Amino acid sequence: MIRKNVSLEEAHLQKLQPLLEKHRGNLSAAVREVIDLVSLGLESHGNPDEMAVNLKTEGAFSGIQEQLIKSGECVMMNQQMVKWLVRSCAGKLMDEDVVHDLINPYIITTLPELEEYLNSSSKKMGWNIEVSGPYDEGLETGAMIMDFTGGDRDFREFLVEAVCIFFSRWLNLDVEAMHRKSNSITLYLKSFIRRDMQEIPFGVKKYFGSRDNLYREIEQKPEFWVTLAELYQKFNYQRVNLDKDLFESLVAGKLPDISKYFELKADRSLREIQLSELLPLFKYLLMASNLVNDVELCTEKGKEKIKIRHDYSDERVITKLVQLFSNVFDAGWHKFSVISVSELIIFDFSLPDVLEGDTKKVPLDLGF
């Protein structure tokens with residue numbers, strides 16, 4: 001036992017009061033416990049100065065958290081739960097009122113204010129994401145660059161989406177490109193002309209809203225889409241998706257006109273759609289309808305070709321398919337030859353010689 005004299009002021013004794021009460025007024029026992037606590041702190045923080053700074057920071061952060069929870073602005077939630085929620089909403093655009101709760105457009109009115117606010121909020125919320133920009137690096141495209149570095153990947157994606165929707169709504173900025181790295185996201189922003197207040201720019205839809213229409217349709221008619229999904233599963237996707245007009249024409253023994261589907265998707269007439277654009281569109285619509293098994297494209301200039309694989313055995317059905325598809329290319333004034341072999345239909349737009357052997361040229365008036 002080593003006895004030494006220790007000088008303490010009244011302020012120190014007041015700070016030790018909780019420990020004095022714990023040890024029933026035994027000052028030596030209180031001091032010994034303080035020494036034990038400090039030694040644990042030094043093991044975690046390195047030296048007394050670092051420990052003091054870290055304890056103050058942690059205390060301030062704890063105070064901020066408590067204030068956010070008491071005000072109802074935030075709630076405590078397990079990080080894995082939050083990450084699951086963020087991932088489950090991937091592809092659906094965030095509602096504007098959610099964005100405005102995070103970034104108030106009436107308070108944040110300039111880009112420097114936005115950068116400062118995002119960094120402050122990220123630190124306060126514990127996201128640890130550092131935001132810089134947007135700034136112009138003198139690119140010839142005139143694009144502005146914005147960086148989001150650090151923090152959790154899912155939280156980073158969430159914050160970037162909110163910022164991009166804010167930009168599109170209030171600053172008429174769209175996403176030209178987005179580069180994701182292991183610990184950062186770089187945005188390239190460009191100006192766009194808004195035609196109406198509800199318009200969502202192409203870049204925002206491309207990078208954040210790829211499944212937005214799907215989510216919203218399911219929300220509007222959940223019973224219909226759940227039933228449809230169950231039917232496709234039970235039939236192993238061996239179902240054909242047809243609208244009423246096309247179904248009516250087929251049942252009546254008529255050949256339906258499917259050109260309207262291409263024009264609706266491209267938003268212009270078939271004659272205005274170049275072959276290089278029409279071929280991918282043709283594959284997209286056929287695969288979406290589940291009318292055939294597979295569509296293989298060759299889009300090389302001068303060697304354009306489509307191979308359509310199906311599992312129909314009735315010659316009358318195959319002939320109808322060839323007529324149906326041929327009418328689309330005829331309406332677009334594209335010259336072609338067509339060959340039907342077993343479960344394969346080939347449209348050749350380079351007009352090669354007719355294949356010989358076991359192949360058969362379909363005896364139709366194809367308009368060339």
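K83, R87, D152, R153 and D154 are linked in a network of salt bridges. This network sits in a predicted model, and the count for the protein comes to 17 salt bridges. A few of the other pairs are worth walking through one by one.

Take E33 and K22, whose closest N and O atoms are 2.9 Å apart in a salt bridge. E33 belongs to helix α3 (residues 27–45) and K22 to helix α2 (residues 17–22), so the pair ties together parts that are 11 residues apart in sequence. The two partners sit in opposite kinds of surroundings: E33 is buried, at 18% relative accessible area, while K22 is exposed, at 55%.

R216 turns up in two salt bridges, one with D95 and one with D212. In the pair with D95, the N to O distance is 3.4 Å. Here R216 comes from helix α10 (residues 212–220), whereas D95 comes from the loop between α5 (79–88) and α6 (96–102), so this bridge ties together parts that are 121 residues apart in sequence. Both ends are partly exposed, with a relative accessible area of 27% for R216 and 38% for D95. The pair with D212 is a more local affair: the closest N and O atoms are 3.0 Å apart, and the two residues, 4 apart in helix α10, are separated by about one helical turn. D212 itself is buried, with just 8% relative accessible area.

Now for the strands. Strands of a sheet pair through backbone hydrogen bonds, and they can do this in a parallel or an antiparallel way. In this model, an open sheet of 4 strands follows the order β1-β2-β4-β3, and the pairing is antiparallel. At the edges stand β1 (130–135) and β3 (173–180), each with a single partner strand, so one side of each has no neighbour in the sheet. From one strand to the next, the twist averages 15°. Between β1 and β2 (residues 144–149) there are 4 bridges, in the antiparallel sense. Looking at a single position, V131 stands opposite F148 of β2.

Helices lie across this sheet too. Helix α7 (residues 111–125) lies across β1 and β2, and runs at about 170° to β1. Helix α8 (residues 153–170) lies across β1, β2, β3 and β4 (184–191), with an angle of about 10° to β4.

Further along the chain there is a hairpin made of β7 and β8, with 2 residues between the strands. β7 (residues 337–341) is mostly covered, as 4 of its 5 residues are buried. It is joined to β8 (residues 344–348) by 5 bridges, and the two strands run antiparallel. Among the paired residues, I339 has I346 in β8 as its bridge partner. In the same hairpin, S342 takes a positive phi near 50°.

Not every nonpolar side chain is tucked away. V6, L8, L27, V31 and I35 form a nonpolar patch on the surface, and together they have about 410 Å² of accessible area. One of these, V31, is found in helix α3 and is partly exposed, with a relative accessible area of 33%.

E300 offers a look at a loop, namely the one between β5 (294–298) and β6 (305–309). At 46% relative accessibility, E300 counts as partly exposed. Its C-alpha atom is 8.7 Å from that of S276, and these two residues are 24 apart along the chain.

Stepping back to the whole protein, the secondary structure comes to 15 helices and 9 strands. Of the 368 residues, 32% are buried. The accessible surface comes to about 24700 Å², and 53% of that belongs to carbon and sulfur atoms. As for contacts between residues at least 6 apart in sequence, 51% of them join residues at least 24 apart.

Terms used: Residues are numbered from 1 along each chain as its sequence is written. This is a predicted model: local features need pLDDT of at least 70, side-chain atom pairs count only at pLDDT 80 or more; totals for chains, interfaces and linings use all residues. Side-chain values use heavy atoms; hydrogens and water are left out. A salt bridge is a side-chain nitrogen of Lys or Arg within 4 Å of a carboxyl oxygen of Asp or Glu. Buried means under 20% relative accessible area, exposed over 50%, partly exposed in between (1.4 Å probe, protein chains only). Two strands pair if DSSP finds at least two bridges between them. Axes are lines fitted to C-alpha atoms, for helices over the stretch in contact, and angles run from 0 to 180 degrees between N-to-C directions. Contact means heavy atoms within 4.5 Å. Patches are made of residues with over 30% relative accessible area and no salt bridge: like charges are joined within 9 Å, nonpolar side chains (Val, Leu, Ile, Met, Phe, Trp, Tyr) within 5 Å. Accessible areas come from the Shrake-Rupley method with a 1.4 Å probe; for residues, only the protein chains shown count as cover.
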